[in-house]
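I opened this model to look up its fold, its confidence and a handful of residues. My notes follow in the order I made them.

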Amino acid sequence: MPFEVYNHIGDDHFVHIGSKICLRHLATKRYIRSTARCYNGGSSQQMVIAASEQPEHEDWWQVCTAHGQQTPHGSKVPYGSAVRIYHMATGKWLHSHTVKSPASGQQEVSAYGDDNASDSNDNWIVEKCDNGSGEWHANDQFLLRHQGTGAFLHSHDVSFENANEVTTYAGDRADQNNVFGIRFG
């Protein structure tokens, strides 16, 4: 694991570098997960899907410093900053690129790399849903914009592998399928 998990104490509901979170897609109420299964075709990288309405072992991620940056462990994450999201069960990074997804043809989202292998396609910009500023808070609705492509992390009711597909979406920022919330672990 890249970092020791940040321990939230008392009323600290801000997201920090090192926070353990579940990403919940608000429109479908499903949690984003990965498993060791890979896409058949496309990038052939590890799949990312939205599966369960209750968090399970495969749904936990850790907020980490963006590739190429040095942000101290425990620092609060301001809106507009880049982070990487590390899948704790498989040791891979939330990743995107211009490869088309197998179900909808939007941009594929995968889990890629490992503790020592990461690139700029693992960087995501955290944006507050209402365009507000400040620091990422557990009660806020937010978007994750892929730094390399500018597309938003997105899910919808497109069925894929007995779950909902997770992609990035280059369309309207206000699309309800771009909106996420978190739960701390």
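Before listing neighbours I fixed the term: contact means heavy atoms within 4.5 Å. With that cut-off I looked up E53, leaving aside its neighbours within four places in sequence, and found it in contact with T28, K29, R30 and Y31.

**Entry: confidence**

I note that the model is predicted. The average pLDDT of the protein is 91, and 98% of the residues score at least 70. I then checked where confidence is lowest and where it is highest. Strand β11 (residues 163-169) is at the low end with a mean of 77, and strand β8 (residues 123-128) is at the high end with 98. As a reminder to myself, predicted coordinates should not be read in detail where pLDDT is low.

**Entry: overall fold**

How many helices and strands does the protein have? I count zero helices and twelve strands. Along the sequence the pattern reads β-β-β-β-β-β-β-β-β-β-β-β.

I compared the radius of gyration with the globule rule. A compact globule of 185 residues would have a value near 16 Å, and the protein has 15 Å, so the two agree. The C-alpha trace spans about 45 × 35 × 30 Å along its principal axes.

I looked at how far along the chain the contacts reach. Of the contacts with a separation of 6 or more, 63% are between residues 24 or more positions apart.

**Entry: surface and charge**

Of the 185 residues, 48% count as buried. The accessible surface comes to about 8,100 Å², and carbon and sulfur atoms own 42% of that. I find 14 positive and 21 negative side chains in the protein. The centres of these two sets lie 2 Å apart.

**Entry: the loop with E53 and E56**

I went back to E53 and placed it in the loop between β3 and β4. E53 has a relative accessible area of 46%, and the range for partly exposed runs from 20% to 50%, so E53 is partly exposed. I also took a distance to H25, which is 28 residues away along the chain from E53. The C-alpha atoms of E53 and H25 are separated by 9.4 Å.

E56 lies in the loop between β3 (46-50) and β4 (60-65). Its relative accessible area is 38%, so I entered E56 as partly exposed. From E56 to I32 I read 10.0 Å between C-alpha atoms, for 24 residues along the chain.

**Entry: positive phi**

I next looked for unusual backbone angles. Most residues other than glycine have a negative phi.

K29, one of the contacts of E53, has a phi near 65°, a positive value in a residue other than glycine. K29 is in the loop between β1 (20-25) and β2 (30-38), and at 44% relative accessibility it counts as partly exposed.

S44 also has a positive phi, near 65°, and is not a glycine. I placed S44 in the loop between β2 and β3. S44 is partly exposed, with a relative accessible area of 42%.

**Entry: two buried residues**

Is H87 buried or exposed? The relative accessible area of H87 is 0%, and buried means under 20%, so H87 is buried. H87 lies in strand β5 (residues 82-87). Neighbours within four places aside, H87 is in contact with R33, S34, Q46, E58, W60, W61 and K92.

S155 lies in strand β10 (residues 152-160). I read 0% for its relative accessible area too, so S155 is buried. Not counting residues up to four places away in sequence, S155 touches H25, A50, N164, E165, V166 and N177. Among these, N164, E165 and V166 fall within residues 163-169, which make up strand β11, where mean confidence is lowest.

**Entry: V99**

V99 lies in strand β6 (residues 92-100). At 27% relative accessibility, V99 counts as partly exposed. With neighbours within four places left out, V99 is in contact with G42, S43, Q106, Q107 and E108. I also took the distance from V99 to V15, 84 residues apart in sequence, and got 30 Å from C-alpha to C-alpha.

Notes: Residues numbered from 1 in each chain as written. Predicted model: local features only at pLDDT ≥ 70, side-chain atom pairs only at ≥ 80, totals over all residues. Heavy atoms only, no water. Helix = DSSP H or I, 4+ residues; strand = E, 2+ residues; numbered from the N terminus. Rg over C-alpha atoms; globule rule 2.2 N^0.38 Å. Buried < 20%, exposed > 50% of the residue type's maximum accessible area, 1.4 Å probe, protein only. Areas by Shrake-Rupley, 256 points an atom, 1.4 Å probe, with all protein chains shown as cover. Lys, Arg positive; Asp, Glu negative; His and termini not counted. Charge placed at Lys NZ, Arg CZ, Asp CG, Glu CD. pLDDT = per-residue confidence, 0-100.
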